[in-house]
Amino acid sequence: MTDSWGGSYDTGSQSDESYQLERMHIEPIYDSFVCPLTKQVMKDPVTLENGQSFEREAIEKWFKECKESGRKPVCPLTLKELKSTDLNPSIALRNTIEEWSARNEVAQLDIARRSLSLGSSENVILRALTYVQHICQKSRANKHVVRNAELIPMIVDTLKNSSRAARCKALETLRIVAEDDVDNKEAMAEGDTIRTIVKFLSHEHSQEREEAVYLLYELSKCESLCEKIGEVNGAILILVGMTSSKSENISTVEKADKTLENMEKCEKNVRQMAENGRLQPLLALLLEGSPETKLAMASYLGELVLSNDVKVFVARTVGSSLIDFMRNGNMQAREAALKALNQISSFEASAKVLVEAGILPALVKDLFTVVVLPTKLKEVSATVLANVVKSGCDFESIPIGPNNQTLVSEDIIHNLLHLISNTGPAIECKLIQVLVGLTASSATVLNVVAAIKSSGATISLIQFIETPQKDLRLASIKLLHHLSPHMGQDLAYALCGTAGQLSSLIKVISETDAITEEQAAAIGMLADLPERDSGLTRRLLDEGTFELVISRVFKIRQGEMSRSRFVTPFLEGLVQVLARLTFVLANVPDAVKLARDHNLATLFTDLLLSNGLDKVQMVSAMALENLSQESKRLTKLPEVPESGFCFSIFPCFSQQPAITGLCRVHHGLCSLKESFCLLEGKAVGKLVACLDHTNEKVVEAALAALCTLLEDEVDFEQGVLVLDEAQGIKPIFDILLESRTEILQQRAIWAVERILRIEDIAYEISGDQTVGTALVDAYRNGDYRTKQIAERALKHVDKIPNFSGIFQKMG
């Protein structure tokens, strides 16, 4: 650095800079002003007995060092021993220095002011800013001088300079000018200065961001400026982001955090922080603020959109306080608390925390107490309760009333049902959602079912299927879907005995090609109704339901319906409803006609290949079993041929019967479409493939369908040969050996016994010890019928002697 402001600029160390700045004056500096020890202009000059002047602090340090080293005090300049170490203040010299310094500082500030004007070079601007920093650090009073000289707006203007070094220096200078000076801070906040500073928080250059954060932290110490900082769009969001940044240096993160802490004094800022994920200040005010502040924070909490993790944190932090507001607060406080609880309870984990905090009794009291509660609050209470019951808590063990009642006590469910029948659609919807939540759990569904039956509410619940309010209709259909496995006959009677509900339910299924939750629930409900209820099946036939279902199944398989997360339950329900037809074939002629017209046997056979859809495969196999049972009745017996034409009419006597010939198993004219014969359309092979399925239910259904080929009413020997040709014998023996379920074992033993009636197979198997062991185990441990079948099978492989022939000879 030279004595000219336009010279080169060397940042150097701070002490070197200060010294150079001290030496840079408009008026010449006198040697008497400079302390011989510090080489700097003296602030508190004192004189020794020999007339030499020094800075008080410097000479005192000199004398201390002499004493500590055991030397006699000497003058630092002359090195002559001093008789006395008394220090006489040089008042005249000090006054002269102060007057000289004041004149020079005014002059230097004037130069700095001119240097900061537009058009100055980077070096000149940097030197001017450095000088401003120097005089502000030198004396607090100089900060007032800087403000009065109107340098602050000029430094602010430097922030718009194209030089990064100048911008960084300006931010640093503003911070030094603002330190411990409220007036300077307020002057700095005029205009859009704070907005400009905030912009630097987003700059790529880390030094600019760091200086901006340091400056904002200094400004935030002034309470009146905290609101101004918060009013700058994005300021709080950026600062919150910086506090969790892993790319910023630690000091920058700390300053951003402390800035936000200072800004918490303003409630508006606290709200913004909460919006941007910094919830602790809001929660602290909710817990510790004045009653008015608590109410304001609770109200605002109810308006926030929270992530699931945050909901859990909030529930643990202020859940109990919100519940207390709900119990004991005035109407305004209860409303605020309920809205906040509604927000928090929408996540299962946070809802569990609220249950543990005791929310259930308060909610039930809100809903059932005769005391007038505004409808809108009852609706929110019902919403919170609906959220809570989704949490999966053990509601049977949580007392909510004076008589140890629980949420699934009969009288509580009755009260809910009564409210459902006597309130508006909005509350009805939420209360039905409560029942949806309770019936979704296997632990509580039977309690709800019993209460609905005892209250006679089935008809009233079914009527909601026709409601025009979509949310209410969805909730009611979901409830009925949950109830249908447990009270299917009641629901079937109700649907058949009332006008319009069944049609409305079918209309829901047909409304759109975009598969919705409501459609999946509607078809799921129908699927769970008793499949052998021929009256309901006839009603569904009359409504054209099965044609609709077939159309939907084909559209899904061909990819013509919009895919959604409900496509699997929707398809499962469709297939179950379609399978209803196969349970009433003997009694409902129209069912047979529809099955033939739409070639359902082929459709169910194809559905066996629905990998990953176990329920679809299981139901399809069950339907094929039912269809195959009807083959005996539907097979057309051949007319008695005329002499000489036997072979032309009965080509099935050949090794491989023609399609138009007689069926090997049914000895009639069969087809998959007309008589549902499994031998046609590769149905047997696909059922055999299902015997290797990992799901026992699929295996059970497939085996049951194949067993229809081994019954007494058909040519079971040919049925065994058909299975053998389809490589189905070994999988059946494997099922016997695995013994996965009791039903599978019983069916496998029955099938094995029929198969072993074929002597060649029995002979081959007789040497397999594992099969014999499995049959012996069934003979020893099975029920009466299983023992009988196992005994017959053991006789086929000579494990038990067959005495029947001997007794006949003896007779």
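Biologist: Which helix does Glu211 lie in?
Modeller: Glu211 lies in helix H10, residues 206-220; helices here are DSSP runs of H or I with at least four residues, strands are E runs of at least two, and both are numbered from the N terminus. Bear in mind that this is a predicted model, where local features need pLDDT of at least 70, side-chain atom pairs count only at pLDDT 80 or more, and totals for chains, interfaces and linings use all residues. Residues are numbered from 1 along each chain as its sequence is written, and side-chain values use heavy atoms, with hydrogens and water left out.

Biologist: Is Glu211 buried or exposed?
Modeller: Glu211 is buried, meaning under 20% relative accessible area (exposed is over 50%, partly exposed in between, with a 1.4 Å probe and protein chains only). Glu211 has no salt bridge, which would take a side-chain nitrogen of Lys or Arg within 4 Å of a carboxyl oxygen of Asp or Glu.

Biologist: What's the nearest side chain of opposite charge?
Modeller: Arg175, 4.1 Å away. For charge, Lys and Arg count as positive, Asp and Glu as negative, and His and the chain ends are not counted.

Biologist: And what does Glu211 touch?
Modeller: Leaving out residues up to four places away in sequence, Glu211 touches Cys168, Leu171, Glu172 and Arg175; a contact is heavy atoms within 4.5 Å.

Biologist: How many salt bridges does the structure hold?
Modeller: 34. One of them joins Lys185 and Glu218, with the closest N and O atoms 3.2 Å apart. That pair links distant parts of the chain, from Lys185 in helix H8 (residues 182-188) to Glu218 in helix H10, 33 residues apart. Both Lys185 and Glu218 are buried.

Biologist: What about Lys730, which residue does it form a salt bridge with?
Modeller: Asp734, at 3.0 Å between the closest N and O atoms. The two are four residues apart in helix H40 (residues 729-738), so about one helical turn separates them. Lys730 is exposed at 57% relative accessible area, while Asp734 counts as partly exposed at 26%.

Biologist: Switching topic: how many residues has the largest nonpolar core?
Modeller: 197. A nonpolar core is a set of buried Ala, Val, Leu, Ile, Met, Phe, Trp, Tyr and Cys residues joined through side-chain atoms within 4.5 Å. Leu301, Leu322, Leu407, Phe604 and Leu756 have the most contacts inside it. Apart from that core lies another, of 50 residues, including Ile125 and Met273.
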